[in-house]
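This note comments on the aromatic contacts and the nonpolar surface of the model shown below. The points are numbered for ease of reply.

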Amino acid sequence: MIQKKYFNNRSVLVTLIAILLISLVVRVLGVYTEDIWPDEGLTLHNANKPLIENIKWSLSLAYFPLYHMVLSWWVKIFGLGELSARSLSIVFGVLSVYMAYRIGNLMFNKKVGIYSAIILGVSPFNVFYSQEVRVYSLFVFLSLCSIYYYIEYIGKKRIYICSITSYSHY
């Protein structure tokens with residue numbers, strides 16, 4: 001009863017927005033703490049190349065080319081500055097925090113979702129990798145999306161299987 005009173009949909013939404021904004025601020029504030037390092041510079045150098053060359057380069061490093069393709073498009077729009085180039089990873093980092101909330105909410109409840117978002121939002125590793133012009137933040141985001149949709153699929157499949165077995169049991 002108390003949980004419903006203090007943990008309604010509006011308070012969850014406000015709390016989640018606050019967590020996402022704090023996650024964004026934490027990531028943006030740390031962008032200038034380090035210069036572009038060699039791997040990031042190489043990634044940015046290849047982001048300016050034609051798309052086919054960029055894909056070939058990604059595959060030669062055994063990376064999937066999605067991040068490099070999106071980065072190529074991103075720097076054409078926002079430029080090659082430190083903040084503008086790293087902001088793509090920041091976006092994926094903040095989206096990962098949102099997906100952590102969705103997974104916690106789906107598996108348990110909104111409270112666990114909020115705690116999951118807080119933990120990932122201030123996790124030093126996640127913050128650090130959300131500030132690099134590298135594939136890591138996209139990898140985390142897509143992994144969390146994969147986990148979320150897998151759990152959702154399994155849940156629906158269980159409901160479907162349970163309903164079939166209940167009908168066959170009669």
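1. The structure is a predicted model, and the remarks that follow should be read on that basis. Y136 has a relative accessibility of 30% and is therefore classed as partly exposed.

2. A total of 6 aromatic pairs is counted. One of them joins F128 and Y129 in an edge-to-face arrangement, with 5.1 Å between the ring centres and 70° between the planes. Y129 also pairs with Y136, again edge-to-face, at 5.1 Å centre to centre and with 65° between the planes. Both angles qualify because planes over 60 degrees apart count as edge-to-face.

3. The accessibility of the other two rings deserves mention. F128 has 33% relative accessibility and so counts as partly exposed. Y129 has a relative accessible area of 34%, which means that Y129 is partly exposed.

4. Elsewhere in the chain, a single aromatic cluster is formed by W73, W74 and F78.

5. Turning to the surface, L13, I17, L21, L24, V28, Y32 and L83 make up a nonpolar patch of about 620 Å². The leading contributor to this patch is helix 2, spanning residues 9-29, which supplies 5 residues.

6. V28 merits a separate comment. This residue lies in helix 2 and is a member of the nonpolar patch. With a relative accessibility of 32%, V28 is partly exposed. That value satisfies the accessibility condition for a patch, because patch residues must have over 30% relative accessible area.

Definitions and conventions:
Residues numbered from 1 in each chain as written. Predicted model: local features only at pLDDT ≥ 70, side-chain atom pairs only at ≥ 80, totals over all residues. Heavy atoms only, no water. Phe/Tyr/Trp six-rings, centres within 6.5 Å; stacked < 30°, edge-to-face > 60°. Buried < 20%, exposed > 50% of the residue type's maximum accessible area, 1.4 Å probe, protein only. Patch = residues over 30% accessible without salt bridge, like charges linked within 9 Å, V, L, I, M, F, W, Y side chains within 5 Å. Areas by Shrake-Rupley, 256 points an atom, 1.4 Å probe, with all protein chains shown as cover. Salt bridge = Lys/Arg side-chain N within 4 Å of Asp/Glu carboxyl O. Helix = DSSP H or I, 4+ residues; strand = E, 2+ residues; numbered from the N terminus.
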